[in-house]
Amino acid sequence: MTRALAIVVLACTATPAFAQDATRVGAISLAYVARSSKAGKAGLAEIEKFVRQKQSEAAIKSAELEEQRTALLKRAQGLSPRAIADLQKTFDSSRVAFERFQQDAQADIERMQQTFDAEFRVKLAPIIDAVSKEKGLQFVFGLEQAAIVWWSPAVDISEDVTKRLDAGK
C-alpha cells in the first residue's frame, strides 16, 4: 500500500521538463470532414445520386419480374408441361439477371465509395499535415479506427481541416 502511494505521488509530481517533452497527439474524424466540407458533400451527393438511380432501376426491374411471375402463374393453367417448363425457364433467367443487376449495382456503389474515400484522403493529406504542424502534433489518429477508446475533443482537428479544405488552402 505504501509503495503504491509512493508511485502515485511520484507520478503526480513529474517534473515540468518531462511534461514539456510529452508527445502531442491529435485526432480527426474523416467522416465529419466528409459530411461537413464542401468537397465532401459534393462527393457524397454524387454517390447518393448514383445510389438513387440504381434503386430506381432496381424497382423497375423488380416490377417487371413480378409481372413476369404473375403472367407465368396465369398462363400456366391449361398449358402443357413442356410449355410451362419453357415459361419457368424464361422467368428463372430473368430472376438471375435481376440478381446479377443487384450484385453489379452494389459492387459499383462500393467501388464509387472506395474511389471517393481514396481521392478524399489524398486531398486531405496536405491539409492535415499543415494543421498538424501548426498545432505541434506528432501523431494524428482517425477517430473511426477501433483502437481509439477515448479522446479529448481538444485534440480534434476535424473542424480546422474542414475550414481549410473549404477555404481552398
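## Helix packing and salt bridges in a predicted model

Among contacts in the protein chain between residues at least 6 apart in sequence, 82% join residues at least 24 apart. The model is predicted. Its protein chain has 169 residues, and buried residues make up 24% of them. The secondary structure comes to 6 helices and 2 strands. Along the sequence, these elements follow the pattern α-α-β-α-α-α-β-α.

### Helix 4 against helix 5

Helix 4 covers residues 38–76, and helix 5 covers residues 81–134. Their axes come within 10 Å. They cross at roughly 175 degrees. Angles over 145 degrees count as roughly antiparallel, so helix 4 is roughly antiparallel to helix 5. The residues of this contact divide into 19 nonpolar, 8 polar and 9 charged.

What length should helix 4 span, given its 39 residues? At 1.5 Å a residue, the expected span is 57 Å. The end C-alpha atoms of helix 4 are 56 Å apart, which agrees.

Which residues of helix 4 are buried? They are G40, G43, I47, F50, V51, K54, A58, L65, L72 and A76. The list includes the lysine K54. These buried residues pack against helix 3, residues 30–36, and against helix 5. After helix 4 comes G78. The phi of G78 is positive, near 90 degrees.

### Salt bridges

The structure holds 9 salt bridges. Three of them are set out here, with the distance between the closest N and O atoms.

| Pair | N to O distance | Accessibility of acidic residue | Accessibility of basic residue |
|---|---|---|---|
| E48 and R52 | 3.8 Å | E48, 38% | R52, 46% |
| D92 and R95 | 3.8 Å | D92, 27% | R95, 31% |
| D160 and K135 | 3.1 Å | D160, 29% | K135, 36% |

Start with the pair in helix 4. E48 and R52 both lie in this helix, 4 residues apart. That spacing is about one turn of the helix. Are these two residues buried or partly exposed? E48 is partly exposed, with a relative accessible area of 38%. R52 also counts as partly exposed, at 46% relative accessibility. Buried would require under 20% relative accessible area, and exposed over 50%, so both E48 and R52 fall in between.

Helix 5 holds the pair D92 and R95. These residues are 3 apart, again about one turn of the helix. Their side chains meet in a salt bridge at 3.8 Å, N to O. D92 is partly exposed at 27%, and R95 is partly exposed at 31%.

Where do the partners of the remaining pair lie? D160 forms its salt bridge with K135, with the closest N and O atoms 3.1 Å apart. D160 lies in helix 6, residues 158–167. K135 lies in the loop between helix 5 and strand 2, the latter being residues 139–142. The pair therefore ties together parts that are 25 residues apart in sequence. D160 counts as partly exposed at 29% relative accessibility. K135 counts as partly exposed too, at 36%.

Salt bridges can also share partners. Which residues join into one network in this way? D92, R95 and E99 do. The D92 and R95 pair of helix 5 is thus part of a network that includes E99.

How values were computed: Residues numbered from 1 in each chain as written. Predicted model: local features only at pLDDT ≥ 70, side-chain atom pairs only at ≥ 80, totals over all residues. Heavy atoms only, no water. Axes fitted to C-alpha atoms, helices over the stretch in contact; angles between N-to-C directions. Parallel < 35°, antiparallel > 145°, perpendicular 65-115°, else oblique. Nonpolar A, V, L, I, M, F, W, Y, C, P; charged D, E, K, R; others polar. Expected span 1.5 Å × (residues − 1). Buried < 20%, exposed > 50% of the residue type's maximum accessible area, 1.4 Å probe, protein only. Contact = heavy atoms within 4.5 Å. Salt bridge = Lys/Arg side-chain N within 4 Å of Asp/Glu carboxyl O.
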